[in-house]
Amino acid sequence: MSMQPRFETARETAVISRILVDLVGTVQLIECEIAAQEERASVSDRSDVKYPMLARTLIERRDNLKMTIDALAHRLAERAPGEQATAA
């Protein structure tokens, strides 16, 4: 038995799509902030001791958001064939 909820309505699919758009935008903002932190510190090598701690934290957050985006996109892709069948 799957513990994850299923997206059963077009409304839920639309909500998830809007969430995906917001998450992608957030990832873009985080990437800009990472670049700004690296430029401010004049260090872009993550193995350097002087690499900014905020940039390290933002990289972790960005990576977690990307995993969430991938999972939600996969769910929407699974849902799409079912929507086409009911629409026909």
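This is a stop-by-stop tour of a predicted model.

**Whole chain**

Start with everything selected. The chain contains two helices and zero strands. Of its 88 residues, 26% are buried. The exposed surface of the chain comes to about 6600 Å², and carbon and sulfur atoms supply 57% of it. Among contacts with a separation of 6 or more, 59% are between residues 24 or more positions apart.

Now colour by confidence. The average pLDDT of the chain is 86, and 81% of the residues score at least 70. Select residues 84–88 as well: pLDDT stays under 50 there, and the model has zero contacts for this stretch beyond four places in sequence.

**Helix H1**

Select residues 10–41, which form helix H1. H1 has 32 residues. From its first C-alpha to its last, H1 reaches 47 Å, close to the 46 Å expected at 1.5 Å a residue.

Next, show the side chains of the buried residues of H1: Thr 13, Ile 16, Leu 20, Leu 23, Val 27, Ile 30, Ile 34, Gln 37 and Glu 38. A helix has a regular repeat to keep in mind here. An α-helix has 3.6 residues a turn, so residues three or four places apart point the same way.

**The nonpolar core**

Select Leu 20, Ile 34 and Tyr 51. In the largest nonpolar core, which has 15 residues, these three touch the most other members. Helix H1 and helix H2 (53–87) each supply at least two residues of this core. H2 gives the most, with seven residues. As a general background, nonpolar side chains tend to be buried together in soluble globular proteins.

Zoom in on Leu 20. Which residues does Leu 20 touch, not counting those up to four places away in sequence? They are Ile 69, Leu 72, Ala 73 and Leu 76.

**Gln 37**

Move along helix H1 to Gln 37. Is Gln 37 buried or exposed? Its relative accessibility is 11%, so Gln 37 counts as buried. Show Pro 52, Leu 54 and Ala 55 too: Gln 37 is in contact with these residues, leaving aside its neighbours within four places in sequence.

**Ser 42**

Step just past the end of H1 to Ser 42, which takes a positive phi of about 60°. Ser 42 has this positive phi although it is not a glycine. Ser 42 belongs to the loop between H1 and H2. With a relative accessibility of 67%, Ser 42 counts as exposed.

**The salt bridges**

How many salt bridges does a search of the whole structure find? The search finds two.

For one of them, select Glu 31 and Lys 66. These two residues form a salt bridge in which the closest N and O atoms are 3.5 Å apart. Glu 31 lies in helix H1 and Lys 66 in helix H2, so this pair ties together parts that are 35 residues apart in sequence. Glu 31 counts as partly exposed at 31% relative accessibility, and Lys 66 also counts as partly exposed, at 35%.

For the other, select Arg 62 and Asp 63. Their side chains meet in a salt bridge, with 3.2 Å from N to O. Asp 63 is partly exposed, with a relative accessible area of 31%. Arg 62 has a relative accessibility of 12% and counts as buried.

**Last view**

Return to the whole chain and show helices H1 and H2 together with the core that both supply. Add the side chains of Glu 31 and Lys 66 to see the salt bridge between them. Then add Ser 42 in the loop between H1 and H2. Finally, hide residues 84–88, where pLDDT stays under 50.

Definitions and conventions. Residues numbered from 1 in each chain as written. Predicted model: local features only at pLDDT ≥ 70, side-chain atom pairs only at ≥ 80, totals over all residues. Heavy atoms only, no water. Helix = DSSP H or I, 4+ residues; strand = E, 2+ residues; numbered from the N terminus. Buried < 20%, exposed > 50% of the residue type's maximum accessible area, 1.4 Å probe, protein only. Contact = heavy atoms within 4.5 Å. Areas by Shrake-Rupley, 256 points an atom, 1.4 Å probe, with all protein chains shown as cover. Core = buried A, V, L, I, M, F, W, Y, C linked by side-chain atoms within 4.5 Å. Expected span 1.5 Å × (residues − 1). pLDDT = per-residue confidence, 0-100. Salt bridge = Lys/Arg side-chain N within 4 Å of Asp/Glu carboxyl O.
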